[in-house]
Each structure stands twice: as structure tokens, then as C-alpha cells.
Amino acid sequence: MAPSRIVVLLVALAALLGPAKSEAAGGDYVFSGGSEAARAQARAALQASSFDWSLVPATITVRISDCGCAGARPGVIVLDEDLLESAPYGRAYTWAIVQHEYAHQVWDLALDDGARALLDERLGGGDLCYEQPGLPHDVHSCERFADTLAWAFWPNPENPARSGRAMGARRFRALMTQLLA
């Protein structure tokens, strides 16, 4: 094989294996892992929301793997390949999870301590975000925030985040406009 063909082959291989930059409007994120079908579902979930994900001042890595999990920490979202690709519980469930996990990036990276304290008060959480061990998932203000954001900016009747919302959509959107101004 000619050296120029080897270089072209190596560049193409690197492009396939490296993180893929998102093409969705709003939000600055890259994918690590995941099939194109799974990535397409994550992009579609974020595009379905009216929230401006670009308010998060960082590039977020969305890791997709066969983990049977979903979670987030500052700068990273982890999603399950099968959940995204086959949506076993329906598209609305899958998209709500993607939006919920990206909402954690808003909480962690776009809001300051004062905004989080105000949201803690308004959303009625038991703590801000896992400072008190043993509390149920939905008691933490950061989780109540993530569900409420996922619902308020994508109020689809099939969106399961509606059951976890801690505030009405219109009121929450107004509060977020104030906090992120």
C-alpha cells in the first residue's frame, strides 16, 4: 500500500474513533463512544427541548456505553447505549433522561452558589446535591432541578419528568431567565 494511502486510512480511522462534535443547535458537547443511532437520539433529545443548552459555559463529554446506567458529573454525562438506541420505555422516557442529565451540567456549571441556594429554597429539596447521605434521589435539590428543567422546557405530555417537577413550568422558566440573565 502506498504511504499516502496509509496516511489517508489512518486519518479516517482516527476520525471514526475520536470524540464526535455534536451538530445539534445549542450546547457544546462531544460524544465519546456510542453508535450513530444512539448519538442521534441524544442530539434529538436536546433539540426537542426549548432550553438553550449553550448557556453551559463548557464543552460537555457525553459518554455512551453498554453500562445500564445514566448519570452526570461536572463536564461529563454518561448514558446507556441500549436505552438510547432501542428506547425500551419509549422515546419520551429516553429523551427526558438525556435532558435531565444535561440539566445537571446547568446546575453545576451555569449557576452560581447564590442561584443554587435560591433554587434549593424554591424547589424544596432536603439538601443541595448529595451532601446528606441516605436521602432518596428525588429529595436532593439538584435532582428536583434536573426534573423540573427537563419538564419546563419540554412539556410533552409523555415526558416522565413531569412527575418529578417541583414547580410549574411557566414559573420555573421565568426563574431561570432571571437566574441566567
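Trainee: R43 is found in helix α2 (residues 36-48). What makes a run of residues a helix here?

Mentor: Helices are DSSP runs of H or I with at least four residues, numbered from the N terminus. This is a predicted model, where local features need pLDDT of at least 70, side-chain atom pairs count only at pLDDT 80 or more, and totals for chains, interfaces and linings use all residues. Residues are numbered from 1 along each chain as its sequence is written, and side-chain values use heavy atoms, with hydrogens and water left out.

Trainee: Why is the pair R43 and E36 called a salt bridge?

Mentor: The term requires a side-chain nitrogen of Lys or Arg within 4 Å of a carboxyl oxygen of Asp or Glu. For R43 and E36 the N to O distance is 2.2 Å, so the pair meets the definition.

Trainee: How do you know whether R43 and E36 are buried or exposed?

Mentor: Buried means under 20% relative accessible area, exposed over 50%, and partly exposed in between (1.4 Å probe, protein chains only). R43 has 14%, so R43 is buried. E36 has 48% and is therefore partly exposed.

Trainee: How many salt bridges does the structure hold?

Mentor: Two. In addition to R43 with E36, R116 forms one with D113, with the closest N and O atoms 2.7 Å apart.

Trainee: What separates R116 and D113 along the chain?

Mentor: R116 and D113 are three residues apart in helix α5 (residues 113-123), which means a separation of about one helical turn.

Trainee: Which accessibility class does each partner have?

Mentor: R116, at 14%, is buried, whereas D113, at 61%, counts as exposed.

How values were computed. Helices (H or I, at least four residues) and strands (E, at least two) are DSSP runs, numbered from the N terminus.
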